[in-house]
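Colleague: Got a minute to go through this one with me? I'd like to hear what you make of it.

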Amino acid sequence: MGNIYEGRRDYEKALSCYNECLRVRQMHLGNCESVGDMFLKIGNIDQMLEDNESALENFSSALGIYKSVLGEESPGVAKVLNSLGVIYDAQNDLRTALKYYKEAHRLRKSNFGEDSMKVAGSLDSIAGIYQKQSQNDKALKCLKEALRIRTLKLGKEHVEVGTTLFGMGIVFSEMGDLDKAEECYNASLRIRKKGHGESSIEVAQTLHNLGSVHAMKEEYSEALQCWRNSLGMCREAGLADDHRMVATTLKNIEIAANYLEEQEQHF
């Protein structure tokens, strides 16, 4: 029942079912792998409910059981370490989050191999921390390796490759390498149009960022075109004007349009 409620996003009822299941398993089985699994499930629900303190307690319980039953280097331990990293990341405790993400990455490489998709996922998480710490060179190194893995495993046209290229575009933009940022965004745009549809939110998001790169390069006509196309897609998807991306796009359009109008008046 818990899985059904979780699938319906009725997390309170899912949590009640999982806690009862945990009680029964502990009573009859003791600290076995299935009890660790249940602690992990409950921690994930706690996370959904934004109860990070309870999530940390349940993840720590799962970690102790997995280490005892499955071994310190097991895939189960890697899974919990990654979940702990997510919690500390959300709390902006970047140093602790990075520690857990790196350890999960090490175990995933050891258990699944360097070309595993789970390794690529860990690299994304580590890159996210480095970005928040303004260590863009390290973030880019992680994303490039994640891109290599995803291209190898999924093919160069897969939407996850497009997402990784989008992330690289953000990093290049923050580093001031606008040509590389534009190259990544254009590659992501092509893949996302094919994979998500010409007018998808993912395409709108990419156009929004691509417009910002054009603006930083003082290519305001190109920026305006990207932003207007992005805005049309957002509205088509039903996003309101107070949505963060829509509000930013509207402001950018206003600034760019006013600038171009002033430039025309001077000539």
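**Ser-54 and helix 4**

Modeller: Sure, let's start with Ser-54, which is partly exposed, with 22% relative accessible area. Keep in mind that this is a predicted model.

Colleague: Where is Ser-54 found?

Modeller: Ser-54 is in helix 4. Its C-alpha atom is separated by 8.9 Å from that of Ile-42, and the two residues are 12 apart along the chain.

Colleague: And at what angle do helix 4 and helix 5 pack?

Modeller: About 160 degrees, with the axes 9 Å apart. Since anything over 145 degrees falls in that class, helix 4 is roughly antiparallel to helix 5.

Colleague: Left-handed or right-handed crossing?

Modeller: Left-handed, for helix 4 and helix 5.

Colleague: Which residues make the contact?

Modeller: From helix 4 you have Asn-52, Ala-55, Leu-56, Phe-59, Ser-60, Ala-62, Leu-63, Tyr-66 and Lys-67. Helix 5 brings Gly-76, Val-77, Val-80, Leu-81, Ser-83, Leu-84, Ile-87 and Tyr-88. Sorted by class, the contact of helix 4 with helix 5 has 12 nonpolar residues, four polar and one charged.

Colleague: OK, switching topic. How many salt bridges does the count come to?

Modeller: The count is 13 salt bridges. One of them is between the side chains of Glu-73 and Arg-106, at 3.0 Å from N to O.

Colleague: Where do Glu-73 and Arg-106 sit in the chain?

Modeller: Glu-73 is in the loop between helix 4 (52–69) and helix 5 (75–90), while Arg-106 is in helix 6 (residues 94–112). They are 33 residues apart, so this pair links distant parts of the chain.

Colleague: Buried or exposed, that Glu-73?

Modeller: In between: Glu-73 is partly exposed, at a relative accessible area of 40%. Arg-106 is partly exposed too, with 37%.

Colleague: Which residues does the network with Glu-73 join?

Modeller: Glu-73, Glu-103 and Arg-106 are joined into one network by salt bridges that share partners.

Colleague: What about Asp-124, which side chain does it meet in a salt bridge?

Modeller: That would be Arg-150, with 2.5 Å from N to O. Asp-124 belongs to helix 7 (residues 117–132) and Arg-150 to helix 8 (residues 136–154), and this pair, 26 residues apart, again links distant parts of the chain.

Colleague: Is Arg-150 buried or exposed?

Modeller: Arg-150 counts as buried, at 7% relative accessibility. The cut-off for buried is under 20%. Asp-124 has 29%, so it counts as partly exposed.

Colleague: With which Glu does Arg-150 form a salt bridge?

Modeller: With Glu-160, where the closest N and O atoms are 3.3 Å apart. Arg-150 lies in helix 8 and Glu-160 in helix 9 (residues 159–175), so the salt bridge ties together parts 10 residues apart in sequence. Glu-160 itself is partly exposed, with 33% relative accessibility.

Colleague: While we're on helix 9, what does Gly-162 touch?

Modeller: Leaving out residues up to four places away in sequence, Gly-162 touches Ser-188, Ile-191 and Arg-192. Gly-162 lies in helix 9 and counts as buried, at 0% relative accessibility. The C-alpha atoms of Gly-162 and Arg-190 are separated by 8.1 Å, with their places 28 residues apart along the chain.

Colleague: And Thr-206, where is that found?

Modeller: Thr-206 is in helix 11 (residues 201–216). It counts as buried, with 0% relative accessibility. Setting aside its neighbours within four places in sequence, Thr-206 is in contact with Phe-166, Tyr-185, Ser-188, Leu-189 and Arg-192.

Colleague: Last one: how do helix 11 and helix 12 pack?

Modeller: At an angle of about 160 degrees, with their axes 8 Å apart; helix 12 is residues 220–236. Helix 11 and helix 12 are therefore roughly antiparallel, and helix 11 passes helix 12 in a left-handed crossing.

Colleague: Which residues in helix 11 and helix 12 meet?

Modeller: Among them are Leu-207, His-208, Leu-210 and His-214 in helix 11, and Tyr-220, Cys-226, Trp-227 and Met-233 in helix 12. By class, the contact of helix 11 with helix 12 has 12 nonpolar, six polar and one charged residues.

Note on methods. Residues are numbered from 1 along each chain as its sequence is written. This is a predicted model: local features need pLDDT of at least 70, side-chain atom pairs count only at pLDDT 80 or more; totals for chains, interfaces and linings use all residues. Side-chain values use heavy atoms; hydrogens and water are left out. A salt bridge is a side-chain nitrogen of Lys or Arg within 4 Å of a carboxyl oxygen of Asp or Glu. Helices (H or I, at least four residues) and strands (E, at least two) are DSSP runs, numbered from the N terminus. Buried means under 20% relative accessible area, exposed over 50%, partly exposed in between (1.4 Å probe, protein chains only). Contact means heavy atoms within 4.5 Å. Axes are lines fitted to C-alpha atoms, for helices over the stretch in contact, and angles run from 0 to 180 degrees between N-to-C directions. Angles under 35 degrees count as roughly parallel, over 145 as roughly antiparallel, 65 to 115 as roughly perpendicular and the rest as oblique. A crossing is left-handed if the near helix is turned anticlockwise from the far one by less than a right angle, and right-handed if clockwise. Ala, Val, Leu, Ile, Met, Phe, Trp, Tyr, Cys and Pro count as nonpolar, Asp, Glu, Lys and Arg as charged, and the others, Gly among them, as polar.
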